[in-house]
Amino acid sequence: MMYPDINPFVLFFASIFTSNILLTNFLGMCSFISISKDIKSSNGLGIAVTLVTTITTALNWLLEKYVIIPLELGYLRYIIYIIVIAAVVQVLEMVIDRVSPNLYMVLGIFLPLITVNCAILGVALFMQLRNYSFIQSVFFGLGSGIGWWLAIVLLAAIRKKTENAPVPAPLKGVGITLITIGIMAMAFIGFAGMINVR
Amino acid sequence: MTEYRKILKNNIWLENPVIVQILGICSTLAVTNNLRNTFIMTIGVTLVTALSNFTISAMRNLIPRKVRMITQVLVISFYVIMVDIVLRAYVPDVSKALGPYVGLIITNCIIMGRAEAFAQANTPIISFWDGFTAGLGYMFVLVVVAFFRELLGFGTIFGIQVLPSTFSKWTSMVMPPSAFFVLATFLWIVRGMQIREEIKQVSGGEKK
């Protein structure tokens, strides 16, 4: 099989800025909107997503190459991916609890939420569809996670300001947040000319 | 019968999963620049929600609480795989255009939400109805958003040219940011109507 000819570092920066998983592919919106009320939790969730995305993308790539393709299990792909994600989240939760109780305090409540975060499954599916090599997949996973992290922290900071702004009643809360995200997405499109990866 | 009507009204209007509960936004935004894809996607989501609600409700007394979540995810992914296979066989071009978003139905929060909030505590038939109507509520929002995005972005509806060719297309409508703006505007209108309804009810009650 041929891998696409993209420098992993370019892919890394592209997945942070020009094709941000959240602002151009809309993945992980649910938790993005509900958690971004507060910078601290946004930061915690961002770290957790980055960690889990990187690990699961690598694992899923290996499974794809050595289990799914040789055994022709394509029709079980979604189930395998989601089980890997659930398992990684579970193991990570136990490891963090053991190694660093402090970090567990920050991330603990977010980890279970991540299993159903579409960004993580989405990155795995994109990696498979676009046929990335192992190195490319890892950089893609890491970049997407960081991109997600960046976006949620930025949004949390902006939301803090809009909280006290005079917004029409029906637009309060989610409505104004959606408009804010739209403007952010437009700003990120400005990066598009910088790197071109598709 | 009244209970069924109440669920229908709740899921489509009063507690619409997308507009009021803000669930399933990912796919709401991603697939809505083309009406045909949107339509097929929402039919898929409706079927998966209804059937997985039915199954989970039928199994609700057999699942230990601890493995509840993972069982639900497995049931949902089973139906998503079926939808995926059907799409690939009958409408391969749509399946290609939707790309990973078919697989992402698994993590669509609406389905998990309905399974958790309704199917867990109700009998299979009514759970099926609840899932089905939640899917319809989702369809309602997506089709409206897609209608405006396709109309203004390409000047077409279901791929048929509607606006005269002199109409200058709004390229931004096809791009990601507009999805947020269109959804926010729609949300604005719907919430506005709902708030007005509430005020009317409250003031009407006071007069009596």
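These are my notebook entries on helix packing, a few single residues and the overall make-up of one chain in a predicted model.

**Entry 1. Chain B as a whole**

I began with the inventory of chain B, for which I noted 8 helices and 2 strands. Reading along the sequence, I wrote down the order of these elements as α-α-α-α-α-α-α-β-β-α, so that the two strands follow one another and are succeeded by a helix. For the extent of chain B, I took the box filled by its C-alpha atoms along the principal axes, which comes to roughly 60 × 60 × 30 Å. I then looked up burial and found that 51% of the 208 residues in chain B are buried. Finally I turned to the contacts in chain B with a separation of 6 or more, and recorded that 75% of them are accounted for by residues 24 or more positions apart.

**Entry 2. α4 of chain A against α4 of chain B**

Next I looked at a helix pair that joins the two chains, namely α4(A) and α4(B). I noted that two packed helices are described by the angle between their axes and the distance between the axes. For α4(A) and α4(B) the angle is about 150° and the axes are 9 Å apart. Angles over 145 degrees count as roughly antiparallel, and α4(A) and α4(B) are therefore roughly antiparallel to each other. I entered their crossing as right-handed. On the side of α4(A), I listed Tyr78(A), Ile79(A), Ile82(A), Ile83(A) and Ala86(A) as making the contact, and on the side of α4(B) I listed Ile70(B), Val73(B), Leu74(B), Ser77(B), Val80(B), Ile81(B), Asp84(B) and Arg88(B). By class, the residues of this contact divide into 10 nonpolar, 1 polar and 2 charged.

**Entry 3. Ser77(B) and Thr71(B), both in α4 of chain B**

I followed Ser77(B) further, since this residue appeared in the list for the contact between α4(A) and α4(B). Ser77(B) sits in α4 of chain B, which covers residues 68–90, and its relative accessibility of 0% means that it counts as buried. Which backbone oxygen lies 2.6 Å from a polar atom of the side chain of Ser77(B)? I found that it belongs to Val73(B). Setting aside neighbours within four places in sequence, I recorded contacts of Ser77(B) with Ile79(A), Ile82(A) and Ile106(B).

I then moved to Thr71(B), which is placed in α4 of chain B as well. Its relative accessible area is 18%, and because the limit for buried is under 20%, Thr71(B) is entered as buried. Once its neighbours within four places in sequence are left aside, Thr71(B) is in contact with Met59(B) and Ile63(B).

**Entry 4. α8 against α9 within chain A**

For a pair within chain A, I took α8 (residues 134–162) and α9 (residues 174–189), whose axes come within 11 Å and cross at roughly 130°. I therefore wrote α8(A) and α9(A) down as oblique to each other, and noted that α8(A) passes α9(A) in a right-handed crossing. From α8(A), the residues Leu150(A), Ala151(A), Leu154(A), Leu155(A), Ile158(A) and Arg159(A) meet Thr177(A), Thr180(A), Ile181(A), Met184(A) and Phe188(A) from α9(A). I classed these residues as 8 nonpolar, 2 polar and 1 charged.

**Entry 5. Ser15(A) in α1**

Is Ser15(A) buried or exposed? With a relative accessible area of 1%, Ser15(A) is buried, and its place is in α1 of chain A, residues 8–16. I checked the C-alpha atoms of Ser15(A) and Phe139(A), and found them separated by 8.8 Å although the two residues are 124 residues apart along the chain. Beyond its neighbours within four places in sequence, Ser15(A) is in contact with Asn20(A), Ile21(A), Phe139(A), Phe140(A), Gly143(A), Ser144(A) and Gly147(A).

**Entry 6. Two positive phi values in chain A**

I closed with backbone angles, bearing in mind that most residues other than glycine have a negative phi. Glu72(A) has a phi near 55°, which is positive. I located Glu72(A) in the loop between α3 (39–68) and α4 (77–99) of chain A, where its relative accessible area of 64% makes it exposed. Asn131(A) has a positive phi too, near 60°, and lies in the loop between α7 (118–130) and α8 of chain A. At 23% relative accessibility, I entered Asn131(A) as partly exposed.

Notes:
Residues numbered from 1 in each chain as written. Chains lettered and ligands numbered in written order. Predicted model: local features only at pLDDT ≥ 70, side-chain atom pairs only at ≥ 80, totals over all residues. Heavy atoms only, no water. Axes fitted to C-alpha atoms, helices over the stretch in contact; angles between N-to-C directions. Helix = DSSP H or I, 4+ residues; strand = E, 2+ residues; numbered from the N terminus. Parallel < 35°, antiparallel > 145°, perpendicular 65-115°, else oblique. Left-handed = near helix turned anticlockwise from the far one by under 90°. Contact = heavy atoms within 4.5 Å. Nonpolar A, V, L, I, M, F, W, Y, C, P; charged D, E, K, R; others polar. Buried < 20%, exposed > 50% of the residue type's maximum accessible area, 1.4 Å probe, protein only. Polar contact = N/O pair within 3.5 Å; in protein donor to acceptor, adjacent residues only side chain to side chain.
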